[in-house]
Amino acid sequence: MKNKYQWYCLLVIMSLFFIPLSGYADEWGFITIPNGKPIRIGLGSMLSGDYASMGIDIKNGAEMAVLEKKSILGHPVILQAEDDGCGGPTSVAIAEKMCNNPLLVGVVGYMCSGGSKPASDVHNKYKVLMISPSSTAMELTSRGIPVFFRTCWNDATQARCAADFVIKKKWKKIVVLHDKSDYGQSLAHDFTNHISKNGLKILATEGLTRGDKDFAPILTKIKFMRPELIYFGGMAAEGVLLARQMKRVGIRAYFMSDDGCYTAKDFIQAGGRATNGCYVTYAKKPDAQWVKRFESCYGPCQTFSPQAYDATNILLEAVTQVAKKQTDGSLIIGKKALRDKVAGIQYKGITGKIAFNSHGDRTGSVVVIYKVVEENGKRFFKQLPL
Amino acid sequence: MEYLLNPEILTAQIINGLTIGGIYALIALGYTLVYGILFMINFAHGEIFMFGSFGGFAVLTLLSNNGFSTTHPTLSILCAFAAAILISSALGAILERVAYRPLRDAPRLSPLISAIGVSIFLQNAMMLFTRGRMQVYPDIIPENFIEIGWLSISCFQISIILGCLLLMTGLYIFIYKTKTGKAMRAVAENREAASLMGIDVNRIITITFIIGSALAAAAGVMVGIYYTQINHMMGFIPGIKAFTAAVLGGIGNVPGAMLGGFFLGLAEALGVLVMPAQYKDLIAFGLLILVLIIRPKGIMGEVVSERV
């Protein structure tokens, strides 16, 4: 009896040694998807609250990619969308929840830089991939987090693009506004830096509060400075009110803002004629065919849906290439292998060619200038020639 | 400081301040009326304001879609106000019955918690209904401007200021000149004695909630037409600011709430001239602390003895 038990123990220990040898080694460990279980793709964005419109756009983009992929090596793919409330403690809680799910291969997100930053520490701890479609803060890629990538641009790229345009237009009297958020402030700061490097001066920099509706007092003060351009770092909710109220207090200056204002519904439609002639920096237009497909399912294409679609596809593509099917039907995915696959990817996405530099930033410039124009009774963002 | 000496910019800021101040005052009245009678802070008041704004939005959108608003713009706007007031008043009355009346004799903290719960519930209900999207009021009447030299004053601003003053005068007359108003003051003074005198206290409390909600609804439609943009979170900041205005003026005091609202609006608008705009809220809440240190009962807290 005793002998038999010893043999049994030995067999168990031996087999433990052989499991990694029979597959392949990975220094960060493996994700194992048992037979018949779905592969989960996480999504963290703001699905309720002030900027829920943008969060839902991101979710729609990711959902479309997942629905198109359907399955990988016989395992169905499903999207697990979570509301991270755009930042801070909630993002950390959601990140913990996602990283502790053994069936989750990676996360598309998080939406806001304020959420991506703390979440990336959690993801780094568990070595779970994250690809953000919309977090543009500089510090996300400068902190040496190996599992963070983004399919959007960073703030400096965008601010430089805006500043170059202003210099080209020879506007001299410039006022900078921001919404006091990490995002808005960093854009305003980078914009100011690029402008002053070229010898131009900023008349004033003022902050306003997210969620506020009344900007007449600030604008009345600004009107007195007689600016030629107002640059705003922030989101559409406040941006569109600024554009409207500028006209109301009688400021005859150009208005320029960032990707947060690139939304047909919340900026162009909500602003009415007051937004005609406003400038916005945003990525080059995505593939027209894709836009048609997207719009037939989800309505007008908004903000970051294309970036979310690409981010999800990159994740799915990497999983497809790295996953190894076992004899019992389960999938084994090496975490480090998955990360290296994404880091080295050369992907032809709907937003253009995607490759990442060593920090996780997208290579090449993708930001261009759009102007709101009215042609044949239709009002839309028109891409200006480079 | 150079801005403060410029009469044109000063006039413009005073008008800006009175516009937003009037809106704060209308909402503040709801806080103060309820506090005067029940000694409780109705933290769901900001959401009643938000529901009113959505009620007006629904009617205006409907009327602008079927073309009625292009032929009868003034009538459409009156319809929007009526619908908003109806919705908010009903909501106010229901809230009182469901969330506050069962807790009337409970410790003072309980109705406060109940109010916060209702506030979060209403925000989320509206979020699910609108799917979190921003809604935009249709442009019914073109905005005209009165231009005097450098100054440009919107006729919307003038209408809002006049509308607020009109509603406040109406409320003042109602409270001080009508029989129901007298009953309200009596209930505020001493609920038990009032009930011994044959006043139906429950009815008076419901009426108080209805009046407060109607004023908030009017403010909601004004905000919708003037700022055009509404969403389910729109009640939060104005709610807090109006509460501040009510405390500034002396909570429970009707003229105090009106004064507090205008005071806060003006302080915000003029404060921007002396400090960078990012300190706007600092000015508003700094003032609150200052007033409370010097006059703990608010500006008008002790001048008028009646609380309504």
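**Working through chains A and B**

**Exercise 1.** Find what F215(A) is in contact with (heavy atoms within 4.5 Å), leaving aside its neighbours within four places in sequence.

*Solution.*
- Start with the list: F215(A) is in contact with L208(A), T209(A), E238(A), L241(A), L242(A) and Q245(A).
- A word on ground rules: this is a predicted model, where local features need pLDDT of at least 70 and side-chain atom pairs count only at pLDDT 80 or more, while totals for chains, interfaces and linings use all residues. Residues are numbered from 1 along each chain as its sequence is written, chains are lettered from A and ligands numbered from 1 in the order in which they are written, and side-chain values use heavy atoms, with hydrogens and water left out.
- Now place the residue: F215(A) sits in the loop between β9 and α8 (216–223) of chain A. Helices (H or I, at least four residues) and strands (E, at least two) are DSSP runs, numbered from the N terminus.
- Next, check the cover. With a relative accessible area of 1%, F215(A) is buried; the cut-offs are under 20% for buried, over 50% for exposed and partly exposed in between, with a 1.4 Å probe and protein chains only.
- Last, look along the chain: M246(A) is 31 residues from F215(A), with 8.8 Å between the C-alpha atoms.

**Exercise 2.** Work out which residues of α7(A) are buried and what covers them.

*Solution.*
- Helix α7 of chain A runs over residues 182–197, so 16 residues in total, and its end-to-end C-alpha distance of 22 Å is close to the 22 Å expected at 1.5 Å a residue. That expected span is 1.5 Å times one less than the number of residues.
- The buried set is Y183(A), G184(A), S186(A), L187(A), A188(A), D190(A), F191(A), T192(A), H194(A) and I195(A).
- Their cover includes α6 (155–169), β8 (174–178), β9 (202–207) and β10 (229–233), which belong to chain A.
- After α7(A) comes G199(A), with a positive phi near 80°.

**Exercise 3.** Is L109(B) buried or exposed?

*Solution.*
- First, find the residue: L109(B) belongs to helix α5 (residues 109–130) of chain B.
- Then read off its relative accessible area, 58%, and L109(B) comes out as exposed.
- For a sense of distance, M126(B) is 17 residues away in sequence from L109(B), and their C-alpha atoms are 26 Å apart.

**Exercise 4.** Draw up a whole-chain profile of chain B, then one of chain A.

*Solution.*
- Chain B has 12 helices and 4 strands. Its radius of gyration is 20 Å, close to the 19 Å of the globule rule for 308 residues, so chain B is as compact as a globular protein of that length. The radius is taken over C-alpha atoms, and the rule is 2.2 Å times the number of residues to the power 0.38.
- The C-alpha trace of chain B spans about 60 × 50 × 35 Å along its principal axes, and 56% of its 308 residues are buried.
- In chain B, 78% of contacts between residues at least 6 apart in sequence join residues at least 24 apart.
- Over to chain A: count 13 helices and 18 strands, in a C-alpha box of roughly 95 × 40 × 35 Å along the principal axes.
- Of the 386 residues of chain A, 59% are buried.
- For contacts in chain A with a separation of 6 or more, 69% come from residues 24 or more positions apart.
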